[in-house]
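Hi everyone, thanks for making time for this one. I'll put the sequence and the structure up on the screen, and then we can walk through it together.

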Amino acid sequence: ARAADVASRVTAVVESVRVEEGAFVRQGDLLVRLDGRDYAARLASAEAALQAATAQRDRIRVLFAKESATEQEKDAAGAAFAAALAERDAARAQIDYFDLRAPFDGWIVGKQVRAGDLAGPGRPLLSIQGTGLLRVSATVTRSQADRLQPGQEVEAVLEGGAAVTSRVSVLAPAGDPSSLRFLVKTDLPKGSGARVGSFARLRLPRGEEEPAPFVPKAAIVERGALSGVFVVEDGRARLRWISPGETAGDHLLVRSGLSVGEVVVLAPGPLADGAPVERRP
């Protein structure tokens with residue numbers, strides 16, 4: 001339930017990486033150190049500029065009190081001081097970004113960087129998995145989602161066959177428009193023996209399932225790893241992605257994405273999404 005990709009907020013060369021995959025780290029431990037010499041020089045320059053702006057502001061204040069400086073000069077000195085202070089604070093804040101530390105206790109499960117690499121904002125350097133709560137993530141049909149609610153207990157069968165009681169923690173209110181399936185996550189109890197990245201199967205309460213449709217294999221459209229069919233809607237062919245199941249002769253079971261009674265295009269060939277079609281007996 002707790003995981004993070006550690007990334008840099010600034011662009012800098014990686015000076016050193018202090019951990020390897022599989023290492024256990026505590027919150028606050030140093031993971032990666034970036035080369036901050038350029039930014040340190042900027043900070044030194046900003047601090048020097050702030051000192052000069054402070055001296056100028058104080059000098060103008062003294063002269064203004066003696067009526068030897070104008071209101072405009074006093075305001076200009078104050079504005080210059082405020083700008084120099086902001087520049088110094090911004091440079092100082094960036095210096096804090098060069099030591100990347102563990103956000104929580106956990107294990108390093110991925111390392112995507114080496115010393116000498118160029119780190120930049122948004123590029124993950126390390127991946128960390130937290131200790132404690134583990135979750136099962138699965139997708140279910142609409143009818144199965146309707147029989148679940150947060151806090152409900154369901155059985156989870158882990159790799160190796162061990163069955164444990166898990167509790168529904170996340171139930172997506174909307175389904176994936178491409179597969180028409182809904183995300184559900186269940187929390188495993190402590191000491192379940194499950195490991196991150198392993199497989200599990202949820203046993204859900206039974207109910208009246210909608211009949212699953214079968215379509216001819218010739219109607220299936222393959223696009224990379226995705227499978228779909230062209231459904232006839234209002235005189236046009238609409239490409240819809242499906243979750244295929246087992247085969248039965250020349251037909252294929254559709255687990256989700258299609259309902260019994262819908263009309264699909266047989267052998268669509270180069271048919272384009274949205275193309276007009278005519279239904280013939």
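Let's start with the buried residues of helix H1: they are Tyr-39, Leu-43, Ala-46, Leu-50, Ala-53, Arg-57 and Ile-60. If you follow those numbers along the helix, remember that an α-helix has 3.6 residues a turn, so residues three or four places apart point the same way. Part of what covers the buried residues of H1 is helix H2. Please keep in mind that we are looking at a predicted model.

How far apart are the end C-alpha atoms of H1? They are 42 Å apart, and that agrees with the expected span, because 29 residues at 1.5 Å a residue should also cover 42 Å.

Just after H1 we meet Glu-67, with a positive phi of about 60°. Glu-67 belongs to the loop that links H1 (37-65) and H2 (71-95), and it is not a glycine. For background, most residues other than glycine have a negative phi. Is Glu-67 buried or exposed? It counts as exposed, because its relative accessibility is 74% and the cut-off for exposed is over 50%.

Ala-267 also has a positive phi, about 55°, without being a glycine. You'll find Ala-267 in the segment after strand S18 (251-256). With a relative accessibility of 53%, Ala-267 counts as exposed.

Now to the sheet. Five strands form an open sheet in the order S9-S12-S11-S10-S13, paired antiparallel. Which strands stand at the edges? Those are S9 (135-140) and S13; each has a single partner strand, so one side of each has no neighbour in the sheet. On average, neighbouring strands here are turned by 40° against each other, direction ignored.

Let's zoom in on the partner of S13. Strand S10, residues 153-158, is joined to S13 by 4 bridges, and the two run antiparallel. In one of the pairings, Leu-158 has Ala-200 in S13 as its bridge partner.

Leu-158 turns up again when we look at Ser-192. Ser-192 sits in the loop between strand S12 (182-187) and strand S13 (200-203). Setting aside neighbours within four places in sequence, Ser-192 is in contact with Leu-158 and Val-164. Ser-192 has a relative accessible area of 15%, so it is buried, given that buried means under 20%.

Another loop residue to click on is Pro-213, between S13 and strand S14 (214-216). Its relative accessible area is 8%, so Pro-213 is buried too. What does Pro-213 contact beyond its neighbours within four places in sequence? The partners are Leu-252, Leu-253, Val-254, Leu-258, Ser-259 and Val-260. As for distance, Pro-213 and Ser-256 are separated by 43 residues in sequence, yet their C-alpha atoms are 8.8 Å apart in space.

Last stop, the nonpolar cores. The largest one has 21 residues, and Leu-31, Val-32 and Leu-34 have the most contacts inside it. Strands S2 (12-17), S4 (30-34) and S8 (124-130) are the elements giving two or more residues to this core. Try selecting Val-32: leaving out neighbours within four places in sequence, its contacts include Val-14, Val-17, Phe-98, Leu-100, Leu-125 and Leu-126. There is also a second, separate core of 13 residues, with Ala-145, Val-168, Phe-182 and Leu-202 among them.

That's my tour, and I'm happy to rotate the view for anyone who'd like another look.

Conventions
Residues are numbered from 1 along each chain as its sequence is written. This is a predicted model: local features need pLDDT of at least 70, side-chain atom pairs count only at pLDDT 80 or more; totals for chains, interfaces and linings use all residues. Side-chain values use heavy atoms; hydrogens and water are left out. Buried means under 20% relative accessible area, exposed over 50%, partly exposed in between (1.4 Å probe, protein chains only). Contact means heavy atoms within 4.5 Å. Two strands pair if DSSP finds at least two bridges between them. Axes are lines fitted to C-alpha atoms, for helices over the stretch in contact, and angles run from 0 to 180 degrees between N-to-C directions. The expected span of a helix is 1.5 Å times one less than its number of residues. A nonpolar core is a set of buried Ala, Val, Leu, Ile, Met, Phe, Trp, Tyr and Cys residues joined through side-chain atoms within 4.5 Å.
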